[in-house]
Amino acid sequence: PSRTIRLKPGESLFLYTDGVSETRNAADAEYGMKRLAEMVGAKHALPPNELTAACLRELRAYDGGHAPADDRTILVLNRAG
């Protein structure tokens, strides 16, 4: 089934693959959806390209710079006001 989402001016949509939330650290602990939601919530006012870059930096810091086990794809859409 398809679904339509209408963004209001200034709203954003954050899309990501499971490789983002499933990033693991040296202790094999998963980054998780809750932590991801908190990070995005704290940085939501950034422009889409800066939000994406900040998220990827945070994930690299979390995993200690190790090669990801899965792809990490992030897409941020923002409706201009």
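Me: Before we start, what does "buried" mean for a residue here?

Reply: Buried means a relative accessible area under 20%. In this predicted model, 25% of the 81 residues of the chain count as buried.

Me: Thanks! What is the overall layout of the chain?

Reply: The chain has 3 helices and 2 strands, and along the sequence they follow the pattern β-α-α-α-β. The C-alpha atoms fill a box of roughly 40 × 30 × 20 Å, taken along the principal axes.

Me: Why is aspartate 63 called buried?

Reply: Its relative accessible area is 5%. The cut-off for buried is under 20%, so aspartate 63, at 5%, counts as buried.

Me: What makes the pair of arginine 72 and aspartate 63 a salt bridge?

Reply: The closest N and O atoms of arginine 72 and aspartate 63 are 2.3 Å apart. A salt bridge needs a side-chain nitrogen of Lys or Arg within 4 Å of a carboxyl oxygen of Asp or Glu, so this Arg and Asp pair qualifies at 2.3 Å. In general, side chains of opposite charge can pair when their charged atoms come close.

Me: Where does arginine 72 lie, and which side chain does it contact at 3.2 Å?

Reply: Arginine 72 lies in the loop between helix H3 (48-62) and strand E2 (74-78). Its side chain makes a polar contact of 3.2 Å with the side chain of threonine 23. The limit for a polar contact is 3.5 Å, so the 3.2 Å pair fits that distance limit.

Me: How many salt bridges does the whole structure hold, and which ones involve arginine 24?

Reply: A search finds 3 salt bridges. Arginine 24 meets aspartate 28 at 3.8 Å, N to O, and glutamate 30 at 3.5 Å. Both distances fall within the 4 Å limit, so both pairs count as salt bridges.

Me: Is aspartate 28 called exposed or buried, and what about arginine 24 and glutamate 30?

Reply: Aspartate 28 has a relative accessible area of 52%; exposed means over 50%, so aspartate 28 is exposed. Arginine 24 stands at 40% and glutamate 30 at 38%. Partly exposed covers the range between 20% and 50%, so arginine 24 and glutamate 30 are partly exposed. Salt bridges that share partners join Arg24, Asp28 and Glu30 into one network.

Me: What makes glutamate 22 fit the exposure rule for a surface patch?

Reply: Glutamate 22, in the loop between helix H1 (18-21) and helix H2 (33-43), has a relative accessible area of 38%. Patch residues need over 30%, so glutamate 22 passes that cut-off. Together with Asp18, Asp70 and Asp71, Glu22 forms a negative surface patch.

Note on methods. Residues numbered from 1 in each chain as written. Predicted model: local features only at pLDDT ≥ 70, side-chain atom pairs only at ≥ 80, totals over all residues. Heavy atoms only, no water. Patch = residues over 30% accessible without salt bridge, like charges linked within 9 Å, V, L, I, M, F, W, Y side chains within 5 Å. Areas by Shrake-Rupley, 256 points an atom, 1.4 Å probe, with all protein chains shown as cover. Lys, Arg positive; Asp, Glu negative; His and termini not counted. Charge placed at Lys NZ, Arg CZ, Asp CG, Glu CD. Helix = DSSP H or I, 4+ residues; strand = E, 2+ residues; numbered from the N terminus. Buried < 20%, exposed > 50% of the residue type's maximum accessible area, 1.4 Å probe, protein only. Polar contact = N/O pair within 3.5 Å; in protein donor to acceptor, adjacent residues only side chain to side chain.
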